[in-house]
Amino acid sequence: AASCGDPHPQVPPVLAAVDTSTVKRVSWTEGTALQTLHVGPYGKVGETYKRVVAEASEAGYQCVGIGHAVYLRDPRRVAPARLETIVRVTVKKTRKA
């Protein structure tokens, strides 16, 4: 069974120049998902994934894929405490809560 959680356990520091020659574009159909807004440093996003996964389980959902994040603020321009990241996990209903 697939598990979900933090797909980026350690986010590398922002670099002035990034080699994107190996970047691939990927599309998928997400389906039902739970998400929340994490405000704070990237190093603490994993805690937010754990909280979303726990809340999903309590509500009768099971993770069915890896989680992913949407980074909303530029870390070059915003203090770590003010970074905003949408944390999202794909789920399916397994039981009534």
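**Figure 1. Contacts between distant parts of the chain.** Among contacts in the protein with a separation of 6 or more, 77% join residues 24 or more positions apart. The model shown is predicted. The protein has one helix and four strands. Along the sequence, these elements follow the pattern β-α-β-β-β. Of the 97 residues, 27% count as buried. The accessible surface comes to about 7,000 Å². Carbon and sulfur atoms make up 53% of that surface.

**Figure 2. Strand β4 and its partners.** Strand β4 covers residues 84-93. Which strands pair with β4? Strand β1 is joined to β4 by seven bridges, and the two run antiparallel. Strand β2, residues 61-63, is joined to β4 by three bridges, also antiparallel. Strand β3 pairs with β4 over four bridges, again in the antiparallel sense. β4 is mostly covered. Seven of its 10 residues are buried.

**Figure 3. Residues that face each other across the strand pairs.** One position can be picked out for each partner of β4. From β1, Val-39 stands opposite Glu-84 in β4. From β2, Cys-63 stands opposite Val-91 in β4. Ala-69 stands opposite Val-87 in β4. As background, side chains in a regular strand alternate between the two faces of the sheet.

**Figure 4. The aromatic pair of Tyr-42 and Tyr-71.** How many aromatic pairs does the structure hold? It holds one. Tyr-42 and Tyr-71 form this pair in an edge-to-face arrangement. Their ring centres are 5.0 Å apart, with 75° between the planes. Tyr-42 lies in the loop between β1 and α1, and Tyr-71 lies in strand β3, so the pair ties together parts that are 29 residues apart in sequence. Are the two rings' residues buried or exposed? Tyr-42 counts as buried because its relative accessibility is 16%. Tyr-71 is partly exposed, with a relative accessible area of 35%.

**Figure 5. The salt bridge between Arg-88 and Glu-30.** The whole structure holds four salt bridges. One of them joins Arg-88 to Glu-30. The closest N and O atoms of this pair are 3.8 Å apart. Arg-88 lies in strand β4 and Glu-30 in the segment before β1, so the bridge ties together parts that are 58 residues apart in sequence. Arg-88 has 18% relative accessibility and so counts as buried, since the buried class lies under 20%. Glu-30, at 21%, counts as partly exposed.

**Figure 6. A salt bridge within helix α1.** The helix spans residues 45-58. Here the side chains of Glu-55 and Arg-51 meet in a salt bridge, at 3.9 Å from N to O. Both residues lie in helix α1. They are four residues apart, about one turn of the helix. Glu-55 counts as partly exposed, with 45% relative accessibility. Arg-51 is also partly exposed, at 41%.

**Figure 7. The charged network around Asp-74.** Which residues are linked in a network of salt bridges? They are Asp-74, Arg-76 and Arg-77. Within this network, Arg-76 forms a salt bridge with Asp-74. Their closest N and O atoms are 3.0 Å apart. Arg-76 is exposed, with a relative accessible area of 62%. Asp-74 is partly exposed, with a relative accessible area of 22%.

**Figure 8. A nonpolar patch on the surface.** Which residues make the nonpolar surface patch? Leu-37, Val-39, Val-70 and Leu-72 make it. The patch measures about 310 Å². Val-39 belongs to strand β1, which covers residues 33-39. Val-39 counts as partly exposed because its relative accessibility is 48%. Across the strand pair, Val-39 stands opposite Glu-84 in β4.

Notes. Residues numbered from 1 in each chain as written. Predicted model: local features only at pLDDT ≥ 70, side-chain atom pairs only at ≥ 80, totals over all residues. Heavy atoms only, no water. Patch = residues over 30% accessible without salt bridge, like charges linked within 9 Å, V, L, I, M, F, W, Y side chains within 5 Å. Areas by Shrake-Rupley, 256 points an atom, 1.4 Å probe, with all protein chains shown as cover. Buried < 20%, exposed > 50% of the residue type's maximum accessible area, 1.4 Å probe, protein only. Phe/Tyr/Trp six-rings, centres within 6.5 Å; stacked < 30°, edge-to-face > 60°. Pairing = 2+ DSSP bridges. Contact = heavy atoms within 4.5 Å.
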